[in-house]
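Welcome! Please work through the exercises below with the structure open beside you, and try each task before you read its solution.

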Amino acid sequence: MQRMACKIAGVHFNNPVVMASGTFGFGKEYAQFYDINKLGGISGKGLTLQPKAGNRGIRIWETPSGMMNSVGLENPGIEMFLEEEMNFWETIEPAKIVNLGGGSIEDYVQGARLITEDTYKRREQGLHGVDLIELNISCPNVKQGGIAYGIKTEIAREVIREVRKATTLPLAIKLSPNAENIVEMAVMCEEEGADAVSLVNTFSAMKIDIKRRRSVFDNGYAGLSGPAIKPIALRMVHQVAKHAQIPIMGMGGIASSEDAIEFIMAGASVIQIGTYNFMNLRAGEEIIAGIEAFMEQENIQSLDEIRGIV
Amino acid sequence: MQRMACKIAGVHFNNPVVMASGTFGFGKEYAQFYDINKLGGISGKGLTLQPKAGNRGIRIWETPSGMMNSVGLENPGIEMFLEEEMNFWETIEPAKIVNLGGGSIEDYVQGARLITEDTYKRREQGLHGVDLIELNISCPNVKQGGIAYGIKTEIAREVIREVRKATTLPLAIKLSPNAENIVEMAVMCEEEGADAVSLVNTFSAMKIDIKRRRSVFDNGYAGLSGPAIKPIALRMVHQVAKHAQIPIMGMGGIASSEDAIEFIMAGASVIQIGTYNFMNLRAGEEIIAGIEAFMEQENIQSLDEIRGIV
Amino acid sequence: MSIIISNEEIAKDIYLMTIEGEYQGKMGQFYMLRSWNRYPVLSRPISIHNIDNGSIQFLYKVFGEGTRMFAELKSGDSIGLEGPFGNGFPEPEGKVAMVGGGIGIAPFYFAAKHIPEADVYLGFGQEAYLVDEFKQVARQVVTNVGRSIIEDIEPDQYDMVYVCGPHGMMHAVADKAKHSSAKVYVSLEKRMACGIGACLVCSVICHEGNKRACVDGPVFLAEEVNFDAENGL
Amino acid sequence: MSIIISNEEIAKDIYLMTIEGEYQGKMGQFYMLRSWNRYPVLSRPISIHNIDNGSIQFLYKVFGEGTRMFAELKSGDSIGLEGPFGNGFPEPEGKVAMVGGGIGIAPFYFAAKHIPEADVYLGFGQEAYLVDEFKQVARQVVTNVGRSIIEDIEPDQYDMVYVCGPHGMMHAVADKAKHSSAKVYVSLEKRMACGIGACLVCSVICHEGNKRACVDGPVFLAEEVNFDAENGL
Ligand SMILES: Cc1cc2nc3c(=O)[nH]c(=O)nc-3n(C[C@H](O)[C@H](O)[C@H](O)COP(=O)(O)OP(=O)(O)OC[C@H]3O[C@@H](n4cnc5c(N)ncnc54)[C@H](O)[C@@H]3O)c2cc1C
Ligand SMILES: Cc1cc2nc3c(=O)[nH]c(=O)nc-3n(C[C@H](O)[C@H](O)[C@H](O)COP(=O)(O)OP(=O)(O)OC[C@H]3O[C@@H](n4cnc5c(N)ncnc54)[C@H](O)[C@@H]3O)c2cc1C
Ligand SMILES: Cc1cc2nc3c(=O)[nH]c(=O)nc-3n(C[C@H](O)[C@H](O)[C@H](O)COP(=O)(O)O)c2cc1C
Ligand SMILES: Cc1cc2nc3c(=O)[nH]c(=O)nc-3n(C[C@H](O)[C@H](O)[C@H](O)COP(=O)(O)O)c2cc1C
Ligand code: FES
Ligand code: FES
């Protein structure tokens, strides 16, 4: 439907429904269940320069209306992605977002370069390449003793500044809700020339096995997602929308078209669906149809009419 | 049971189960359902110097495995409390915690003075008075344009320093999970001579009514509590316990004795039960029995054996 | 936990649930019901529709998640209930009218059994239900489908008018009775958490300050409520 | 959503659920089940116990919140299921033994129907169940209550051994068969979210790197699994 179309940094989305990184692979698996060409966009599984085996031990724990994950960025590495998965991506319509993680600034920069060069090469060949890089700054900063880049604004600034120099592709920064000051963080992204912010990533959280007297996760903490966090994520998106100009990809616990519309009314340009994919394999399709029905019902001609209205 | 006893700043708790401020009144209502003398402690409804009517409009909204409240500190004021509710408190056994809110530093200080003086007067008369003041720094700082005291460490420091001077009663600081840096905040409380920290208060959160295109709360945001937040609250308690020495009253979504034990293993000296009181009117009784059964089963002689073990 | 004897849809989305056991309660009081363990978090306040020896009944409308879960219950399933809570309607002094709008009729079956000489006004949106049952216990039953039941009642003819229904309807009846000698009592609906007066999420703005719907209400003398400030749910 | 034909407790905490419909699947594959809408968040992976014309069966043990909710379902209730997922056991080549420990016997009824000439070993903790049913489809059934079923099987006598049960048992059978010519296939239990290979929460540490239990498994050739690093759930 034309009136659902959105644009961020010149990138066209057929509709505001984007699948969140790490929950949707690169889309192939879900294509068995519905036509993923209906989606506005897909943010692929988080990639790092080198392949990663991810964390050992338990990787998932269910919580009341949520789940914690400790996948630890298991991924095949950027080169393997460009060689193998990009060919599949060239065959599908949704906006293509590469989610980029890293341990050092050099890794991030080098990763961004590889993706950018590859896309320009593809475009010369009449192919499409990647639409947008989504920089995941929740990764641990090796130099700072493992504290994530996404906590302190000035530390995040360093990595964003360098990555911004390394790519001419549209660049979104995926913010962590564990940031000390999410508004300040978003304003900084704007200052550093990022094209959008994605928020929120998972909340740092914990589960203790009281019989074994230890964390269930080998890593200690893990990331909380799902409906449980929606009220907090929505508040953060609203706060950022009120205090910064930068376009927002909003997410965190969205599990219905009503939830999605709330994020848009709070100011998100597009929304992302993560954990809800696990609750409903046809989540994307269902949420798009729900937003469409709401627009019909309320006679909304363009999402611009309601975006940021609250 | 003797082996469940705990001590914070010289205050004796028969067991680690304390009822959280704002969810238990002053205990009278729940006394109809079970013997509240079984409880370790009660943190009364939040008090301010002047009576407050609280917020208008909707005050509660249910969320997946949680709830948001916007009571806005409705309370009869400290004087009324001292005149009326303290008489009831003199008749019960649990440790008595006054939860103190305020809009200006002067209000906090004046409130702390009133409570302290009243308690000393009572003790001269052979009565008990208040055991502990729990300073709620989530209240909006009138001077700083309504931003809560509990967000930035240095702003919180000011109010804590003044209140610390104003009372010789044991003083706990109730920290907000919205704090920029919860560990730094707890360390500051320690530096300023507080006797304990309570964490966490509610998470700033939002709900939009998409038909009416506005927040359901007149105030915009409201406070999220309940099982949904437990994984995050537990992580915060664990972080603080690892980086600070100050005793912790841990809370946030505790809804079973297993949850309570997790908080103790994460380092809490005592735990508080808030929202779970609404899920189960006999919450306190049930959780105490559950902790006792666990200790029996695992042959634990004192909670010190497992406190902070993770 | 108590056992459900029956749970029937008696009109579209309107269910009558009968639960086994000996229960206490006065007209206009309510119970907090939950047929689940942990999800959703809060229990649901539902008025006493009827109490007999060995059972209690609730009449409810499917509205959201919780009432939908109630509607799925079958005979033999179990449900938790706590109560009775709230003040209930005052004992009659003089001639009484009961005015129920929509699912607001729920408390008046029990009330009419208690005050058989009262006149009962039942307003329905689309479809009337339980009218025969009300007729068996009440002296006179006036029903109205589709129009406003407010038009049917003449407050002047009564000493007391008990009202339960949508907030606007209660406000309107109160207004209509303003210059009559009838005392109007409204049963206000507020979202609740504890249900017993401890949490203050259910405050009702009254002229003399806040009152708690769960213990000071749900029934209020209409003239104490500050209807200009208080807009219900 | 599909309709439940029956859901019976056939031994303490062990239920057999029969669901109406035409279903696909191979031995060792599983479905993701959810009988709820929003809570809990995740669906539960359960192996195919049997497929007939017009129905599918699951055999499950009540373990936590989700399986407890399954146990409450009654005939006529509805349940959502997605599948079949996973690779399943390989087709037989030579003589096959199936070794089930506890609820790990679940997939072998369907497997034994498919390979009637296989020998079936069933190990139970306290109480045997479904043994007669297994005997009707399998050539030979060895049961064992209370002791370890591992003692009963001689891997040398088989070309393929399919194992499903507690992680330690699967590891032990793999060890016992190490110096035999039998190929051991284990069905690993891992917590799952998507169930279709997209989220990587179910990774199994194999000698050649990680594999996904939900699509590359749940059945793995025992020798590919790095049992020193991989400790199950
Ligand atoms: C004193 C009292 C007596 C009542 N008696 C009856 C009765 O006899 N029959 C009947 O059908 N309904 C009655 N109601 C209304 C009934 O409580 C709500 O319809 C019900 O709580 C809605 O729950 P839900 O899960 O279906 O809706 P949801 O919208 O999913 O509920 C979300 C939350 O909002 C609360 N909520 C939503 N609507 C209302 C409401 N109208 N009043 C109070 N809380 C609400 C719920 O309790 C829950 O906490 C009464 C309400 C009160 C306060
Ligand atoms: C491929 C596969 C096939 C299975 N087949 C069967 C079967 O036929 N019969 C049967 O009784 N059980 C089977 N299981 C185990 C079954 O999935 C778990 O017992 C069930 O998920 C427990 O859910 P719960 O809600 O009762 O427990 P909870 O502990 O409340 O569950 C919490 C979370 O942990 C997960 N979880 C807990 N235990 C397990 C486990 N052992 N395996 C995987 N996830 C777990 C749950 O799925 C859920 O996401 C199978 C598991 C897998 C992976
Ligand atoms: C299993 C899993 C893996 C994830 N992996 C990534 C990742 O690689 N990169 C990233 O930026 N976010 C990752 N996330 C975070 C999600 O993209 C999303 O920000 C978060 O889950 C909140 O949204 P939700 O509540 O809708 O799931 C992951 C989340 C889950 C549940
Ligand atoms: C209705 C309600 C009122 C509250 N009022 C106060 C208060 O007055 N002072 C305070 O410090 N905390 C207040 N709180 C916060 C709780 O004491 C507790 O910190 C929070 O709810 C988290 O715990 P829980 O998840 O167990 O509820 C209130 C919480 C609720 C739900
Ligand atoms: S619902 Fe808690 S005071 Fe009324
Ligand atoms: S459960 Fe998602 S990849 Fe296996």
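**Exercise 1. Find which strands and helices of chain D each supply at least two residues of the shell around ligand 2, and find which of them gives the most.**

Solution. This is a predicted model, so please read every value here as computed from it.

Step 1. Look along chain D for its contributions to the shell: strand S4 (44-47), strand S6 (55-61) and helix H1 (65-71) each supply at least two residues.

Step 2. Now count for S4(D): with four residues, this strand gives the most to the shell around ligand 2.

Step 3. Place the ligand among the chains. Ligand 2 lies between chains A and D.

Step 4. Pick out the nearest neighbours. There are 23 residues around ligand 2, and D:Pro45, D:Gly64, D:Gly66, D:Thr67 and D:Glu189 come nearest.

Step 5. Sort the shell by class: twelve of its residues are nonpolar, four are polar and seven are charged.

**Exercise 2. Work out which atoms of D:Pro45, D:Glu65 and D:Glu189 approach ligand 2.**

Solution. Take the three residues in turn.

Step 1. At D:Pro45, a polar backbone atom is 2.7 Å from an oxygen atom of ligand 2.

Step 2. D:Glu65 also uses its backbone: an N or O atom there lies 3.2 Å from an oxygen atom of the ligand.

Step 3. For D:Glu189, turn to the side chain, where a polar atom lies 2.6 Å from a nitrogen atom of ligand 2.

Step 4. Finish with the cover. On its own, ligand 2 has 820 Å² of accessible area, and the protein covers 90% of this.

**Exercise 3. Describe the surroundings of ligand 3.**

Solution. Begin with the neighbours and then go on to single atoms.

Step 1. Ligand 3 is surrounded by 22 residues, of which A:Ser21, A:Lys174, A:Gly226, A:Gly253 and A:Thr275 are the closest.

Step 2. By class, the shell holds six nonpolar residues, 15 polar ones and one charged one.

Step 3. Two of the backbone approaches can be checked here. A polar backbone atom of A:Ser21 is 2.8 Å from an oxygen atom of ligand 3, and one of A:Gly253 is 2.6 Å from an oxygen atom of this ligand.

Step 4. A side chain takes part too: a polar atom of the A:Asn201 side chain lies 3.5 Å from an oxygen atom of ligand 3.

Step 5. As for cover, the protein takes up 96% of the 600 Å² of accessible area that ligand 3 has on its own.

**Exercise 4. Do the same kind of survey for ligand 4.**

Solution. The steps follow a similar order.

Step 1. Around ligand 4 there are 22 residues; B:Ser21, B:Lys174, B:Gly226, B:Gly253 and B:Thr275 are the closest.

Step 2. Divided by class, the shell has six nonpolar, 15 polar and one charged residues.

Step 3. Look at the side chains of two residues. A polar atom in that of B:Thr275 lies 2.7 Å from an oxygen atom of ligand 4, while an N or O atom in that of B:Asn201 is 3.4 Å from an oxygen atom of the ligand.

Step 4. B:Val200 brings in its backbone, with an N or O atom 3.0 Å from an oxygen atom of ligand 4.

Step 5. The protein covers 96% of the 600 Å² of accessible area that ligand 4 has on its own.

**Exercise 5. Decide how H6(A) is oriented to H8(A), and how H2(B) is oriented to H3(B).**

Solution. Use the angle for each pair.

Step 1. In chain A, helix H6 (residues 257-266) and helix H8 (residues 283-297) pack at an angle of about 65°, and their axes are 8 Å apart. Therefore H6(A) is roughly perpendicular to H8(A). The crossing of H6(A) past H8(A) is right-handed.

Step 2. In chain B, helix H2 (residues 105-124) packs with helix H3 (residues 153-166) at an angle of about 25°, with axes 9 Å apart. H2(B) is therefore roughly parallel to H3(B). Here H2(B) passes H3(B) in a right-handed crossing.

**Exercise 6. Locate the cis peptide bond between C:Gly83 and C:Pro84 and the one between C:Gly217 and C:Pro218.**

Solution. Read omega, then find the proline.

Step 1. Between C:Gly83 and C:Pro84, omega is about 0°. C:Pro84 belongs to strand S7 (residues 78-85) of chain C.

Step 2. Between C:Gly217 and C:Pro218, omega is about 10°. C:Pro218 sits in the loop between strand S14 (209-212) and strand S15 (219-221) of chain C.

Notes
Residues numbered from 1 in each chain as written. Chains lettered and ligands numbered in written order. Predicted model: local features only at pLDDT ≥ 70, side-chain atom pairs only at ≥ 80, totals over all residues. Heavy atoms only, no water. Near = heavy atom within 4 Å. Polar contact = N/O pair within 3.5 Å; in protein donor to acceptor, adjacent residues only side chain to side chain. Areas by Shrake-Rupley, 256 points an atom, 1.4 Å probe, with all protein chains shown as cover. Nonpolar A, V, L, I, M, F, W, Y, C, P; charged D, E, K, R; others polar. Axes fitted to C-alpha atoms, helices over the stretch in contact; angles between N-to-C directions. Parallel < 35°, antiparallel > 145°, perpendicular 65-115°, else oblique. Left-handed = near helix turned anticlockwise from the far one by under 90°.
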